[in-house]
Amino acid sequence: MMADNNPKGSLFVGEGVIVRGTFEVPEMAVVAGLVEGELNTKEVLVDTSGIVNGRINAEVVEVRGEVTQGLNVTNHLNVRSSAKITGLTQYAEMSVEKGAKLSGELRLIDAPVSSVSHPTETDIQPKDENSDTE
C-alpha cells in the first residue's frame with residue numbers, strides 16, 4: 001500500500017508538510033504530514049506521523065496516525081495499533097489492532113455490491129418444501 005513511485009492520480013503529503021482544503025484524489029493518498037480539510041480518494045494511508053484534521057471518504061483506508069473528524073470507508077478500514085481516530089467512523093468492514101484509540105461513533109454501512117455476497121434467506125431455504133419428514 002506504500003507509494004514508492006508516485007503513480008498518476010496520487011497525492012503524497014510528506015512529513016512536516018501542511019496542506020489545507022478539499023482534496024479530490026483519483027487513486028491514492030499517503031499522508032505523513034498534516035491535512036486540514038476533507039480528503040476524497042480511492043485509497044488512503046495515514047502514516048504514523050500523519051494527521052488528517054478533517055473527514056476522509058475512501059474505499060480502502062489504513063490509519064497509523066491520527067484522523068480527527070471521522071471516516072467514511074466503503075470497503076475496508078485497517079486501524080493499526082498507533083492509530084487515533086475521533087468522530088463518526090462509517091465502514092463496510094474493519095480490522096483493529098490492539099492499542100488503537102477509537103472514540104466517537106462507529107456505524108456499519110452496507111458493503112459495495114462488488115464484494116463477497118452473503119447468502120440471502122432464499123438461498124438457505126430447504127430444497128424441497130413439500131416433503132415433510134417426521
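**A walk through an all-strand chain**

Hi everyone, let me open with one residue: D47, at 16% relative accessibility, counts as buried. I'll come back to D47's partner in a few minutes. Before that, please keep in mind that what you see above is a predicted model.

Let's start with the overall make-up. The protein chain has 13 strands and zero helices. So what does the order of elements look like from the N terminus on? Reading along, every element is a β: β-β-β-β-β-β-β-β-β-β-β-β-β. Of the 134 residues in the chain, 34% are buried. The accessible surface comes to about 8,300 Å², and carbon and sulfur atoms hold 48% of that. As for contacts with a separation of 6 or more, 7% are between residues 24 or more positions apart.

Now the sheet. Seven strands form an open sheet in the order β1-β3-β5-β7-β9-β11-β13, and the pairing is parallel. Why do β1 and β13 each have one side without a neighbour in the sheet? Because β1 (11-13) and β13 (106-108) stand at the edges, and each has a single partner strand. On average, neighbouring strands here are turned by 25° against each other, direction ignored. As a reminder, strands of a sheet pair through backbone hydrogen bonds, either parallel or antiparallel.

Let's follow the pairing from β7 onward. Strand β7, residues 56-63, runs parallel to β9, residues 71-79, and seven bridges join them. One place to look is V63, whose bridge partner in β9 is V79. On we go to β11, residues 89-96, which runs parallel to β9 and is joined to β9 by seven bridges. There, H76 stands opposite E93 in β11. Then β11 and β13, also parallel, are joined by three bridges. For that pair, find T89 and its bridge partner L106 in β13.

Next, the inside. The largest nonpolar core has 22 residues, and those touching the most other members are L39, I56, V61, V63, V67, L71 and L77. The elements giving two or more residues to this core are β3 (23-31), β5 (39-46), β7 and β9. And what does L39 contact, once neighbours within four places in sequence are left aside? The partners of L39 are L11, F23, V25, A29, V31, V44, R55, I56 and N57.

Finally, the charged side chains. Side chains of opposite charge can pair when their charged atoms come close. A search of the whole structure finds six salt bridges. Here is the partner I promised: D47 meets R64 in a salt bridge, at 3.6 Å from N to O. D47 sits in the loop between β5 and β6 (51-53), while R64 sits in the loop between β7 and β8 (66-67), 17 residues apart. R64 is partly exposed, with a relative accessible area of 25%.

A second pair is R80 with E62, where the closest N and O atoms are 3.1 Å apart. R80 lies in the loop between β9 and β10 (84-86) and E62 in strand β7, so this pair ties together parts 18 residues apart in sequence. Is E62 buried or exposed? E62 counts as buried, at 6% relative accessibility, whereas R80 is partly exposed at 27%.

A third is E105 with R107, their closest N and O atoms 2.9 Å apart. Both are partly exposed, E105 at 40% and R107 at 36%. Last of all, salt bridges that share partners join D47, E62, R64, R80 and E97 into one network. Thanks for listening!

Methods. Residues numbered from 1 in each chain as written. Predicted model: local features only at pLDDT ≥ 70, side-chain atom pairs only at ≥ 80, totals over all residues. Heavy atoms only, no water. Pairing = 2+ DSSP bridges. Helix = DSSP H or I, 4+ residues; strand = E, 2+ residues; numbered from the N terminus. Axes fitted to C-alpha atoms, helices over the stretch in contact; angles between N-to-C directions. Core = buried A, V, L, I, M, F, W, Y, C linked by side-chain atoms within 4.5 Å. Buried < 20%, exposed > 50% of the residue type's maximum accessible area, 1.4 Å probe, protein only. Contact = heavy atoms within 4.5 Å. Areas by Shrake-Rupley, 256 points an atom, 1.4 Å probe, with all protein chains shown as cover. Salt bridge = Lys/Arg side-chain N within 4 Å of Asp/Glu carboxyl O.
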